[in-house]
Amino acid sequence: MHIVGKIIRGKYFDSVSLMLVARETLGLPGVKDAAAVMATDENKRILKSSGMEWPELAAAGDTDLALGIKADSEAEAVDALEKAEELLVKKKETATDGGAFQPRSLPGALNEHSDANLVLISIAGKYAADEAMQALRAGKHVMLFSDNIPLEDEIALKTYAAENGLLVMGPDCGTAIIGGIPLAFANVVRRGSIGMVAASGTGLQEVSSLIHNLGRGVSHAIGTGGRDIKKEVGGLTFLAALQALKEDPDTRVVALVSKTPAPEVLEKIGAAVRDLGKPVVAVFLGADVETVRASGAIPATTLEEAAHLAVALDQDADVEAARTSLHARATDLAKQAVELAATARQSGKYLRGLFCGGTFSQETVFLLQPLLKDIRSNVSEPLSNPDKSEGHTIVDLGGDEFTAGRPHPMIDYSLRNRRILDEARDPETAAILLDVVLGYGSNMTPGEELAPVIREVCEMDDPPVVVFHVCGTDDDPQARDRVIALLKEAGGVYAPSNASAVMMAGKIIERINREDA
Amino acid sequence: MSNLLSQPLKVINVGIESFGDGIRASGGQSVQVQWRPPAPISAQARDKIRAHADRITAANAEALDKLQQGKPVLKGMGVALDVIPGMKKELFLHAGPPITWDRMCGPMRGAMIGAVLYEGYADTPEVAEKQLADGKYGFAPCHEHSSVGPMAGVVSASMPVFIIENESFGNRAFCTQNEGLGKVLRYGAYSPDVIKRLKWMEQTLYPALKAAIELSGGIDLKSIIAQALHMGDEVHNRNRAGTSLFLRALVPSLVRAVEDRQVAAEVIEFINGNDHFFLNLSMPACKASLDAARGIEGSSMVVAMARNGTDFGIQLAGTGDVWFIGPALVPDALFFAGYSKDDANPDIGDSAITETGGLGGFAIAAAPAIVQFVGGSAGDALNYTLEMYEIAVGENEMYRIPALDFRGTPTGIDAVKVVEKGITPFIDTGVAHKNAGVGQVGAGVVSAPPEPFVKAVEGLAATLVEF
């Protein structure tokens, strides 16, 4: 094995561009591993741990670009390195194409574009808080996609924002929709009169997409970042967002999506909900229904239910009727599960959930708990062996243990595709549960990349069942209807939401185990 | 806050570029920032700089004001020994920060050998080199003697120099006469024809120019530079317009002052044949203007940026005479036939004083004729100048760029902005062969290294205790 590397001083590229170059390089002849990263201490550690080291690497720093190739032969490694450099040059050229000057810094951009009203920040966490504070000081709202921002910085930013009538979405806010414009990882959702506040990214994507799929639309969907509802942050953004939606004439109904907020935060949210003067639906994953009801919101137990109830309210329809029709559909899904269980894999016992959406894995664990015993998951604490499932296992492949130095599984399917095949080869796997997340920022060809893997699984002798749901809309660049058709054709079992996919997969397993017993 | 929900969204996107695509595809506006990480400085310095941000801003405004007020005028000429403060017989001035013989690059050594031969201290290059290596002579930066020199920038005692006075503040700056391109002393060549040309410049060119300048009563360099920018010069790598304008201002007095028509013709022909003649006037014009901005406590404005072919050094208005040093980098250049980057010496010369004063690379948008140095399109040249506004204290009131609707050039480099934004100054430059005695091999551009700016900001932070 040959390793060659190169340091390019003072050249900076965003992390997604670098990952795409690494991925493209990885497909070249003889290349076993490829890295294109800024030479931060953390990235250098990752390179070292994957055996990618070369003499100049140690002296390189945060502002230097490191390119490393591991290949079968020296010549292949050198070729690949050259190609990687070419790809980067091409990226830079397309980025600056058209001749228009792009500001080199936030102050430069603020100078030339004083009419901007939102600064979207997705640079490395250690620089992001400084940029966010500069934006706030200039009177701009902030969406902070970056993560790894210290809690005290988050509090300082949000306190400053609250004092100055500004909104800080994030840190670690993956998605938002403001006035019909999708921000970061967001779906193409029609404009409407349902406003959203969400402390969970894929939760916001699921509810807003389902609202669209049910024929209604979203006024604004405001992300807060997952830590906002913790005691320390006190729901500063959540409360500011509720106030904004209260004042927004386009918003008639409000839907809230979150893990269970800290009690003192929930109390404040409750006060704001009761003061809102608009109907509010809330799904607080893991919270008991009575607590939610006490806060003044109409409780929903799943993301899907929240969407259905919000849509009913938006149509001035009966909420209970919406609940009833969802239950009726659940019964149909259960019937389908019984049929699938009848032809299920002989040796199969367990459910294996492989998720790229963090909220989906959380919702899955909560919904499965009443159905199945001994569920292993990295949702709340790390798995003892993250790469190998045991019993019922629900894996959030977007967890830090999987994403360090790699593209997110919503963008790069290679890790999950390998894992799907691993699970299918395990005779104890009875069902595999998947989420597919569409929208801007996500993988642009999910059907083409996932269908062959599902087909391979379904063509095995006595295969496990593959249940999937697609979070997104037909208007997304990937087109939900097309993706569903491709995956169904490959042999996957489609469910209209994560909750229904979980119920179906859970019922299949429950049924199998009952038959065994 | 409700204004976010009620107004059309216009996003500034700092980071992942594809996010901007989604925003635009949905009918929103997104401005991409070509962000890069800040240069790494100590946390202690960073905190102190932030705590004193207002003080620094005020000091920089004062420094820029001094620079803007500068009125450099070519007053006359003299011999280095007579007019340059602190000049001595066996002292050789050079470009860049201080350096010893053992660390001097090839072209610097070559120029030193040539200067020793020129002064007649030695008869052969071998003897000159031995004397230099033995420590027979003193070396000092031009900058420490109110002077600047292009490339190696070597000034010896009997060389004639221009005298530029900053009429607003009374301070002076000095620079030798430009020898032309190719095999010349400032690029490290020292062959007999090089020395012969220098002697002609001393014995024929100098007396004629001296008499003409004195008779003219002084030539206003600031106004020539302002006009040259409108005629396609940035007065560092292109000086064709400046040289022409200078000649136009000079000729009437030259013809009156020089009795021998043959001599007058030779002088006019020499200047006319050397497009870079004006460089040795634009440089001291900047030097005289910038020196007036020295000694302003708390200012992070750069007052000197200079390279000796080994090190790249800067000085700040707020840090006295201290040099902050980093490695000189090899420029990206277009090379003369037969040469390549392997032959190039790292960046050398005091000529980055033009960028320090808001000209040269900072004004490249004014010089479409030389865009082949920066990627080939006029748009590239505009973008380089636009980028430099990011690190400038302000915009020039006198030097303006037609292609930018007569916007003033980015002027006064703020070292704090350089560090915080990770953007280093962009410099136009000639390229010398790395070996002594060869001369120029190309011309191009180079970005300043970050290290001197990091050290300078840390140095400035250390002075902020007293406030």
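How many residues does the contact take from chain A and from chain B? I looked this up at the start: 51 residues come from chain A and 39 residues from chain B. I counted two residues as in contact if their C-beta atoms, placed from the backbone, lie within 7 Å.

**Ground rules.** I am working with a predicted model, where local features need pLDDT of at least 70, side-chain atom pairs count only at pLDDT 80 or more, and totals for chains, interfaces and linings use all residues. Residues are numbered from 1 along each chain as its sequence is written, while chains are lettered from A and ligands numbered from 1 in the order in which they are written.

**The chain A side.** Next I asked which elements of chain A touch chain B. Helices H1 (15-26), H4 (106-112), H5 (125-137) and H8 (236-247), with strands S4 (118-121) and S8 (181-184), each supply at least two residues. Helices (H or I, at least four residues) and strands (E, at least two) are DSSP runs, numbered from the N terminus. By class, I found 27 nonpolar, 17 polar and 7 charged residues on this side of chain A. Here Ala, Val, Leu, Ile, Met, Phe, Trp, Tyr, Cys and Pro count as nonpolar, Asp, Glu, Lys and Arg as charged, and the others, Gly among them, as polar.

**Strands across the chains.** I then followed S4(A) to strand S1 (residues 10-14) of chain B; the two run parallel and are joined by 4 bridges. Strands pair if DSSP finds at least two bridges between them. A:Leu118 stands opposite B:Val11 in S1(B).

**A sheet in chain B.** Over in chain B, I found 3 strands in an open sheet, ordered S12-S17-S16, with antiparallel pairing. Its edge strands are S12 (332-335) and S16 (426-432), each pairing on one side only. I noted a twist that averages 20 degrees from one strand to the next. S12(B) pairs with S17 (residues 440-447) of chain B over 4 bridges in the antiparallel sense, and B:Asp332 stands opposite B:Val445 in S17(B).

**A helix pair in chain A.** Back in chain A, I checked helix H15 (residues 414-425) against helix H16 (residues 446-458): their axes come within 10 Å and cross at roughly 10 degrees. Axes are lines fitted to C-alpha atoms, for helices over the stretch in contact, and angles run from 0 to 180 degrees between N-to-C directions. So H15(A) is roughly parallel to H16(A), a label for angles under 35 degrees. From H15(A), the contact is made by A:Asn417, A:Ile420, A:Leu421 and A:Ala424, and from H16(A) by A:Val453, A:Glu456 and A:Val457.

Definitions and conventions. Angles under 35 degrees count as roughly parallel, over 145 as roughly antiparallel, 65 to 115 as roughly perpendicular and the rest as oblique.
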